Every structure is written in C-alpha cells, then in structure tokens.
Amino acid sequence: MLKKWSLLLLVLVLSLVISACSEESDAGDEGEDTSESTAQELKIANDQEPAGLDPHKTPAHSSVRIYSKVYEGLVSLDENMEIEGQLAESWDQPSDDTYVFNLVEGVKFHNGREMTAEDVKYSFERILDEETASHIASYFNMVDSIEVVDDYTVQFNLSEPSASFLNNLTNASAAIVPEELVEENDGDLQQVAEGTGPFTFVEWVPDSKVTLEKNEDYYIEGQPKLDTVSYYTMKEEASRLSAIRTGEVDMTTVGAKSSSLLEDQENVEVIDYQSLEYSYVGFNVDKEPFNDEKVRQALSLATDRDKVTEIVWDGDAEQSGPVAPSMGEWPIDVTEEELYNRDIERAKELLAEAGYENGFETEITTASTYPDMVDTAQLLQQQWAEIGVDASINQIEWGEYIDVWSNTSADVLIGRNGSGTDPDRSLNYFFHTEGSANVWNFSNEDYDQLVEEAEMENDQESRKEMYVEAQEEIINLSPNLFLVSPKNYVAVNESVANYTPYAHNAEDIVEVTKE
C-alpha cells in the first residue's frame with residue numbers, strides 16, 4: 001500500500017513539473033519573458049582608447065565615434081552629403097549674415113529635461129569662450145551674437161557672410177550640451193556624456209570598454225534598433241582580427257594589409273570605402289630647421305609617395321593634398337605639383353641653399369598604436385637619409401600623442417587628418433593663423449586673406465578658384481607634407497544588418513540590427 005501511494009505521489013510531482021515547464025515555454029512563445037534572447041547588442045573592437053568625451057574639446061576620432069552617438073547638433077549630413085535637419089527641423093536665412101533655426105519640439109536630454117533654444121545658445125557660447133579652448137572655435141568665429149527668439153527658435157547673427165557656416169554645423173563637435181551637466185562637473189565633460197542622441201552613456205572602463213545603451217525616450221520613432229553598443233579597446237590589430245574571426249566582436253576596423261587575411265572567412269564581410277582622410281607629416285615651423293620653407297620643400301621632394309602607397313597601404317591609397325581626392329569637385333590633381341615629383345638632387349640643392357648642405361639630425365614622433373603611422377615614419381626615415389637627414393623615431397602612446405599634437409611639442413609629427421566635407425576645414429581650420437587646429441605655428445598673411453575671402457564667397461565657381469589657389473599655395477609653403485588618402489576597411493560579422501559606411505560617416509549605426 002505504501003509503495004502504491006509513493007508511486008502516485010511521484011506521478012503527481014512529475015506532472016506538476018512538466019506542467020510548469022510547459023507554461024514557462026508558452027509564456028516565452030507569447031513574448032512575456034524573452035528579453036535575454038532578443039536583446040540587440042553590437043560589440044565593436046576599437047583600435048584606440050577614447051581621448052575624452054567632451055565634444056567641444058576633443059577632436060580625436062577615438063572619441064568622436066563614442067560621443068557622436070550621445071550628442072547631436074542642429075544639422076547633419078545625409079548619405080549624399082546633403083545638409084539635413086537634426087535638432088533643427090528647419091531653418092531660414094533672412095539675410096546673408098542671419099540664420100534662424102526652428103527646433104524639434106519635445107526633444108529631451110538624457111537627464112529627462114527638454115532641450116530648448118537656451119541650450120543651443122549656451123552650447124555655442126561655450127564653444128566660442130576662449131577658456132573652453134574648443135578645437136572648433138574658428139569654425140564659428142564669424143558668429144557675432146546668438147538670440148533666443150522663443151523656446152524653439154534660435155537666431156545666429158554673423159559679423160560677415162559665411163559660405164561654410166551651415167556645413168560647419170554638421171561637425172560632430174558642434175554638439176548641444178546641457179548647462180547643468182557642465183556645472184555639475186566643474187566644466188569637465190571628459191569622463192561624462194549626456195546629450196539628446198540615440199544612445200545614452202553608461203560607463204567607461206579605462207583600457208577595457210565603453211558601454212552605451214538605447215535611449216528609450218529618443219524623439220525619432222523606431223530608432224535606434226540596438227539595445228546596447230559595447231566598444232572594446234583592442235589596440236593590437238592581431239587581437240581585433242582574432243576577435244572578429246571568433247565572433248567575440250561584431251565589427252572592427254582593419255588595415256589594408258590585414259583585410260586580405262579575412263577574404264576566406266565565411267562569417268565575416270570586409271567593407272571598403274575611400275576615406276576623407278589623408279596622412280601627413282607636420283612640422284613645428286617655429287623650430288629650426290623647419291622654420292625655413294626650403295627645408296620643408298626639400299623633405300617633400302625626398303619623399304616617395306608612391307612607395308608610401310605601396311608599402312604602407314598595400315596599394316590602396318591615392319596621393320592627396322590637404323583636400324582629399326574623395327571630396328568631389330574641390331581637390332586639385334596633386335600629381336601635377338612639382339613638390340610631389342621626387343627629385344633627390346633638387347632636394348639637396350634646397351638644403352644647401354638653406355644652410356644645411358650636410359643635412360641635419362631630427363626626430364620623427366608618431367603614435368605607437370597605429371601601424372600605418374609607424375610604417376610611414378620608418379619609410380620616411382629611409383627616404384630622407386638619402387639627402388643627409390638623420391631621423392630617429394619616437395613612438396608614443398595615444399594619450400600622449402594627442403597632447404603632443406595639441407601642444408606642438410614635436411618638431412616632426414606623423415599623423416592623419418580628416419578633410420571634412422567643405423574645403424574651409426581643410427584649408428582654414430588647419431592652416432589659417434587663427435585656425436583652431438593650426439598646431440604648427442604656421443602663419444602667412446597672403447594665405448590667410450585668400451582663405452578668408454573664399455570662406456565668404458557664395459559663388460561656387462569663384463570659391464572653387466580660390467580654393468584651388470589655396471591648395472597650391474599651402475603645398476608650396478609645406479607646413480605639412482600631405483601624403484596619401486587611404487581606403488578604409490571595416491570587418492563586419494554576418495549577423496550585422498543594415499550597416500553602410502560612408503566616407504563622411506562610417507559610424508552611423510541607428511538602423512543597425514543583429515540577426
């Protein structure tokens with residue numbers, strides 16, 4: 001009898017367990033508790049640690065790729081590089097020197113407060129404040145005043161017409177920030193971020209990863225698709241290659257040489273596109289011997305840009321001036337420029353004319369974590385030796401590199417710049433005496449006047465002629481040696497959908513999903 005009751009009890013318990021499991025399964029099928037299985041997380045391997053998160057102060061691409069998801073500006077560029085509204089739904093230009101922006105209503109900062117015209121005024125006054133030392137201050141030095149018309153209307157009054165004003169507003173650093181965030185952090189936004197963008201900043205674990213999460217209150221319905229974006233810092237390309245192969249990450253940039261290593265990887269697609277970047281050699285023109293343009297010209301003539309393309313970029317690059325070849329109608333054909341045609345004998349003559357008949361010693365500084373920069377430095381070291389220039393190489397970490405760049409504390413610096421989407425950035429921002437990114441101490445009155453006039457010229461053909469002259473002039477004066485514009489490569493796991501990189505925006509992931 002006892003055995004019979006024991007058997008009945010066992011059957012009853014098993015029935016209850018099976019029933020419970022069935023109910024849990026049914027609940028999952030009905031979507032009541034499937035958050036773990038449907039969560040959309042994109043894992044990205046980055047080649048560098050962010051240099052800070054303040055959009056008004058930090059130009060490093062390793063930072064832009066993060067804060068451009070958190071902050072937004074008044075306008076942006078679409079896939080065709082046409083200006084479209086972002087926080088501004090529309091704008092008017094009552095006169096050549098006046099712009100009125102009508103803001104999208106109901107947009108909230110990540111702290112829950114509504115964004116208004118006061119925030120736009122505050123953000124641009126912060127950019128223009130000398131104490132901020134914003135790297136984009138010169139973009140907006142023509143702004144005379146900013147008026148709040150009402151909560152959703154803001155007016156910019158310019159001291160003079162500007163053909164590049166709207167385009168400059170598309171820069172990721174022209175971001176709208178909440179004043180209270182600045183005040184709460186004593187003016188330091190390098191470790192915090194709180195904008196209106198599609199993703200909210202969660203945490204930054206140094207030398208490890210940055211985590212962003214979906215902005216549930218984002219004002220654009222249906223965006224973003226992803227729940228989480230995790231940026232893992234992997235400075236070594238071998239580590240990134242391994243991570244994308246094994247599925248540890250979903251996306252990463254790779255170099256030209258490494259892209260071919262992924263050709264037979266079934267679960268990975270490598271997407272390439274011609275960048276708006278160019279590699280360069282920058283000189284501190286206040287320091288001897290680089291204060292003599294003949295020395296800089298000699299080094300340009302000693303540089304074999306074809307070899308830079310072949311050896312550093314595996315052939316996937318085009319020779320470039322300050323305006324990258326992918327910028328449509330604006331760039332000149334630099335191969336026609338005298339200083340782009342290697343001539344060792346003429347280079348030696350120029351050095352002798354400058355008083356350096358026997359050459360000189362110098363040091364090339366570069367970022368240790370960018371293989372292309374290191375390869376470029378080593379190649380130039382060999383090429384310049386042919387005219388008697390004995391160059392040592394100083395490889396430094398990324399954070400130190402950013403400091404060296406901004407403080408002009410290197411005599412010779414290897415780097416990469418973005419041409420932007422308007423030649424004003426390429427030629428004014430980097431090389432005008434008052435340009436915010438003119439870290440070379442370069443100054444030339446005639447050149448300044450030329451780019452100032454071009455910036456104010458609204459006739460496209462006249463403006464183009466001025467920028468052609470400016471490109472030729474800056475190549476001749478050579479505060480930088482412009483080398484090549486490379487192709488960029490992004491390795492993407494097959495589970496990633498709706499990702500299309502553009503030359504001007506390879507970081508747009510609002511429509512990306514995981515399948």
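## Two sheets and a helix in a predicted model

The protein chain has 16 helices and 21 strands. Keep in mind that this is a predicted model. Along its principal axes, the C-alpha trace spans about 115 × 55 × 40 Å. Of the 515 residues in the chain, 52% count as buried. The accessible surface comes to about 23000 Å², and carbon and sulfur atoms account for 42% of that. If you look at contacts between residues at least 6 apart in sequence, 69% of them join residues at least 24 apart.

Two of the sheets are worth a look, so to speak, side by side:

| Strand order | Pairing | Average turn between neighbouring strands | Edge strands |
|---|---|---|---|
| order 4-5-7-6 | antiparallel | 20° | strand 4 (88–95), strand 6 (143–150) |
| order 16-15-17-13-18 | mixed | 30° | strand 16 (389–396), strand 18 (480–482) |

Start with the sheet of 4 strands, which is open. Its edge strands, strand 4 and strand 6, each pair on one side only. Strand 4 runs antiparallel to strand 5 (residues 98–103), and the two pair over 5 bridges. To find one of these pairings in the viewer, pick serine 90: its bridge partner in strand 5 is asparagine 102.

Now for the helix that goes with this sheet. Helix 4 (residues 117–128) lies across strand 5, strand 6 and strand 7 (153–158). Against strand 6, helix 4 runs at about 165°. Does its length add up? At 1.5 Å a residue, the 12 residues of helix 4 should span 16 Å, and since its end C-alpha atoms are 17 Å apart, the two values agree.Which residues of helix 4 are buried? They are Ala117, Asp119, Val120, Tyr122, Ser123, Phe124, Arg126 and Ile127. These buried residues pack against strand 5, strand 6 and strand 7, and also against helix 6 (179–184).

Further along the chain is the sheet of 5 strands, again an open one, but with mixed pairing. Here strand 16 and strand 18 are the edges, each pairing on one side only. Strand 18 pairs with strand 13 (residues 277–283) in the antiparallel sense, over 3 bridges. Within that pairing, valine 281 stands opposite leucine 481 of strand 18. Strands of a sheet are held in pairs through backbone hydrogen bonds, either parallel or antiparallel.

Terms used. Residues are numbered from 1 along each chain as its sequence is written. This is a predicted model: local features need pLDDT of at least 70, side-chain atom pairs count only at pLDDT 80 or more; totals for chains, interfaces and linings use all residues. Side-chain values use heavy atoms; hydrogens and water are left out. Two strands pair if DSSP finds at least two bridges between them. Axes are lines fitted to C-alpha atoms, for helices over the stretch in contact, and angles run from 0 to 180 degrees between N-to-C directions. Contact means heavy atoms within 4.5 Å. Buried means under 20% relative accessible area, exposed over 50%, partly exposed in between (1.4 Å probe, protein chains only). Accessible areas come from the Shrake-Rupley method with a 1.4 Å probe; for residues, only the protein chains shown count as cover.
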